[in-house]
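Hi,

Here is the structure I promised to pass on. Have a look at it first, and my notes follow underneath.

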There are 2 protein chains.
Amino acid sequence: MTAALALAQDNAAARAAREWRQQHERAIVDEFFSLLAIPNIARDRDNIQRNAETIARMLEKRGVAAKLVSVPGANPVVFGEIRTPGASRTIVFYAHYDGQPLDPKEWASPPFEPVLRDKPVQDGGKTIPLPAAGQPFDPEWRLYARGAGDDKAPIIAMLTALDAMRAAGIRTRSNIKFAFEGEEEAGSPNLERILAANKELFAGDLWLMCDGPVYQTRQQQIVFGARGDTGLDITLYGPRYELHSGHYGNWAPNPALMLAQLLASMKNAEGRITIDHFYDGITPLSPLEKRAIAEAPVIDEMLAREFWLGSTEGGGAKLNDLVTLPALNVRGMASSRTGNQASNVIPATATASIDIRLVPGMDAHETTSRVVEHIRKQGFFVVDKEPDADTRRSHAKVALVTVRGGDNAVRTPMDLPMAQEVIRVVESVRGPTVKLPNMGGSLPLTSIVRPLGTRVIVVPIANHDDNQHSFNENLRVQNLWDGIELMAGLLVM
Amino acid sequence: MTAALALAQDNAAARAAREWRQQHERAIVDEFFSLLAIPNIARDRDNIQRNAETIARMLEKRGVAAKLVSVPGANPVVFGEIRTPGASRTIVFYAHYDGQPLDPKEWASPPFEPVLRDKPVQDGGKTIPLPAAGQPFDPEWRLYARGAGDDKAPIIAMLTALDAMRAAGIRTRSNIKFAFEGEEEAGSPNLERILAANKELFAGDLWLMCDGPVYQTRQQQIVFGARGDTGLDITLYGPRYELHSGHYGNWAPNPALMLAQLLASMKNAEGRITIDHFYDGITPLSPLEKRAIAEAPVIDEMLAREFWLGSTEGGGAKLNDLVTLPALNVRGMASSRTGNQASNVIPATATASIDIRLVPGMDAHETTSRVVEHIRKQGFFVVDKEPDADTRRSHAKVALVTVRGGDNAVRTPMDLPMAQEVIRVVESVRGPTVKLPNMGGSLPLTSIVRPLGTRVIVVPIANHDDNQHSFNENLRVQNLWDGIELMAGLLVM
């Protein structure tokens, strides 16, 4: 922390941001709470609109020209722009103002009534009043509300950074655009359409994705991409209806066992995917990317302890290396009944739902085709709708396979000059960073890269323990303070 | 059918039974429906008691001395007795009045509101009103209710046969006992204790087990034994709670995949069980038994067509041969969620429920031990209760294995004089029969044979397509009619 502090003072914008923040903590949190108090579930159109309009007004209050951009049926993207005389490039700051769906009953306090707590709720954190203006916040306190971490925090951080810059007379050097999405948690169903319909408006040399958490050690991280995502559902068939397992056991084929054999044929004991050509064409990591991974703190043991794991997949490889490979995950499996509901039957069907994470060089459609081809090689006649009696009678093994759409992975090479510049700026504010070629999860990066042909780099600010996709979502106060300084640094790139 | 009809007339008791039935179809079904309307899940103690008392009253109505016999914690056996002056032997008629557990949501109509349908529900069968008294039932109609086929039908058949015998003045020649169990579908946990505590009461030269279905050609069958039954539930562990499959996929172990790999290791593609020593010590079939199997109609193709199967296990071996071998069946499997409920998670647990069918020469306990040993050989640390954090952290793979109790197989030699006599009587009523050394299913035969040292032969009446262990259980009307005639013949043995 001390090293980071010292470094922060080398970045004038970050230094100005810190001074401003120290003088305005209560006002910053008040504005943040006002924004968090507007419910932000993507399907709640009225409140989504209120969020968008509120954010547009907040931009305009800072002198940023703002408007709402949309296509029919979509939640609006809040667009803002700072034109910088003489600037030769444009940087677009992305965040999203919608939040994950929720069940208020699971929350310790109402998700859209923001509160301050003295520590995490699961550690017994109690609601406390906001300090009076001029009184400091404890940086370990937490701000609780849906969207606190994911992903309204970057919006407040950027706007506060603009306030600090104006007060200190610091100007932008690039053209700056803001793009705040309103349905990321619904899977960004319209982002690509909106961008494709407004290419010039959203054009930029670089998109900075301000979403997701910092590293689990609380170090700042910079992530240069995300895995893609696709998947398929497989249903295998036994007898037309459940049969008595005594009368027909050992004769009637058991779809649960067939499913077990099929899934087992897809991965070996070390977790290596054994589907032909699955790893073909994967873009290798560059030496710089490999070195960045090697330099990242190893958190495997800490995580294994937290998750009660006695082993991991990948034959001892580290998490940060493994997420640069594709994953094939059985996300659910069902056949007849278990536990007290089980009975002595041969199941009629067995189903598995599989999700696949893709890395650069893989194509979502091609990858699911390879899985389907693998299923065929295991002797299955593959159909795409419920097979009828004749189909089932005339093939030894029948599989219904439903392929979900998918998004390919996106990765920005770390050695691009602009990528190197982002690293330098971020480190000038936040000290040494963790740099990862891609995150394990997926973000709507193809929806940006495909229509705009731009580059994306992910610069998150939330704490990793912010419960972002669960109840009791929160933001650690220090992460907001750090985020303000980071955004100030990036806004004057 | 014509041949069977002609033969039936050679047996006076069966002839009397048919005449009685033809005059009383509606009354017989009314009494059956009243019995089926009493819920009969073994753990539902109040209703089990109502069933038992109702059946006792039904026996007494026929002049059969009846009582409920039990031990603490057990569901009562309904006992009835007809002492026959001068009789030199005693035949005990067994059936059970409890039914398989169920989920009413899966049923086309409530399981304890019996209905008549014009054909099987899966063929579009519609509920139809009962014909008025004096109007005949179509023999292909079906009676739907839990217990209709398994196993309240034989109880009604025996009682109706007694009515017919009394009306025709036909008397028993042996001493007759009735033993109707109330927890067969719960695995007959107390039958042996009840019989052992009442050896004299239940003593008999032969127990006729009236349970299970007739042959799939609808021919009468006589079965000289049953496979034994045991099983185990396996739960495998992944992370403590479901994890994001993007962030941790390919690193956190997936218990669904581990389960698939474990189950796949237990059987090969032909259905041969690949657990060490699993087939050790199996008693070979005698020449008479082999001949009986060879003479049984081959129904594999017919069944495959009916069950929509394009292949069977066993590398082309016939069903009748395969059921003289042990079976290992995955009766249910579950991990996280599938279909619309699925989400991108690495499941926290995966569970399978396995049932095993045993043949003579195998021991239930020894067999499950071999399965547990197999699980250990696949690298699992096996526990018998929910593993804690330390256990899970300190072992690469942990399996919670719960072994169910079990019953060994029982087989009565076909060449015993009494076995030959049963064959003669049954064939005098029902024409040529199918004779099998053992059925594929299991019956609580050891619980009878061990305490009483008697012999058992299985004489079933239900249709094979009665969905007995699933939802929409039913009885084909003609099977009830045939059953009444068969019971009449056997009651005067």
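The two copies meet through the same surface, because 89% of the interface residues of chain B are also interface residues in chain A. Before you read on, keep in mind that this is a predicted model. The predictor gives the complex an ipTM of 0.91 and a pTM of 0.86.

Some more on that interface. Chain B puts 82 residues into the contact and chain A puts in 77. On chain B's side, the largest share comes from strand S13 (residues 327–336), with 9 residues. By type, the residues on that side split into 34 nonpolar, 33 polar and 15 charged. S13 also pairs across the two chains: strand S13 (residues 327–336) of chain A runs antiparallel to S13(B), and 5 bridges join them. If you want a spot to zoom in on, A:Met333 stands opposite B:Ser335 in S13(B).

As for how the copies are related, a turn of 178° with a shift of 2.6 Å along the axis lays chain B on chain A, with an RMSD of 2.8 Å.

Now for chain A as a whole. It has 16 helices and 21 strands. Its radius of gyration is 25 Å, which agrees with the value near 23 Å for a compact globule of 493 residues. Along the principal axes, the C-alpha trace of chain A spans about 85 × 45 × 45 Å. Of its 493 residues, 54% count as buried. If you take the contacts in chain A between residues at least 6 apart in sequence, 78% join residues at least 24 apart.

On confidence, the mean pLDDT of chain A is 96, and 98% of its residues reach 70 or more. Residues 1–8 of chain A are another matter: pLDDT stays under 50 there, and the model has 10 contacts beyond four places in sequence for this stretch. Where pLDDT is low, the predicted coordinates should not be read in detail.

What does A:Trp481 touch, leaving aside residues up to four places away in sequence? The answer is A:Arg21 and A:Pro139. A:Trp481 sits in helix H16 (residues 477–491) of chain A. With 21 other C-beta atoms within 10 Å, A:Trp481 is buried, since the cut-off for that is 20 or more. A:Trp481 and A:Val429 are 52 residues apart in sequence, and their C-alpha atoms are 12 Å apart in space.

Mind the numbering when you switch chains, as H16 in chain B covers residues 445–452. In that helix, B:Leu445, B:Thr446, B:Ser447, B:Ile448 and B:Leu452 are buried. After H16(B) comes B:Gly453, which has a positive phi near 60°.

There is also a small sheet to look at in chain B. Four strands form an open, antiparallel sheet in the order S5-S4-S6-S21. Its edge strands are S5 (127–128) and S21 (474–476), each pairing on one side only. Strand S4 (residues 115–117) and strand S6 (residues 142–144) of chain B pair in the antiparallel sense over 3 bridges, and B:Arg117 stands opposite B:Arg142 in S6(B).

Finally, some backbone geometry you may want to check before setting anything up:

- The peptide bond from A:Asp150 to A:Asp151 is cis, with omega near 20°. A:Asp151 lies in the loop between strand S6 (142–144) and helix H4 (153–168) of chain A.
- In chain B, a cis peptide bond joins B:Asp150 and B:Asp151, with omega about 25°. B:Asp151 is in the loop between S6 and helix H5 (153–168) of chain B.
- A:Ser336 is not a glycine, yet it has a positive phi of about 45°. A:Ser336 lies in strand S13 of chain A and is buried, with 26 other C-beta atoms within 10 Å.
- B:His277 is not a glycine either, and its phi is positive at about 65°. B:His277 is in the loop between helix H9 (255–264) and helix H10 (287–295) of chain B. It counts as exposed, with 12 C-beta neighbours inside 10 Å.

Cheers

Terms used: Residues numbered from 1 in each chain as written. Chains lettered and ligands numbered in written order. Predicted model: local features only at pLDDT ≥ 70, side-chain atom pairs only at ≥ 80, totals over all residues. Contact = placed C-beta atoms within 7 Å. Nonpolar A, V, L, I, M, F, W, Y, C, P; charged D, E, K, R; others polar. Pairing = 2+ DSSP bridges. Least-squares fit on C-alpha atoms with pLDDT ≥ 70 in both. Rg over C-alpha atoms; globule rule 2.2 N^0.38 Å. pLDDT = per-residue confidence, 0-100.
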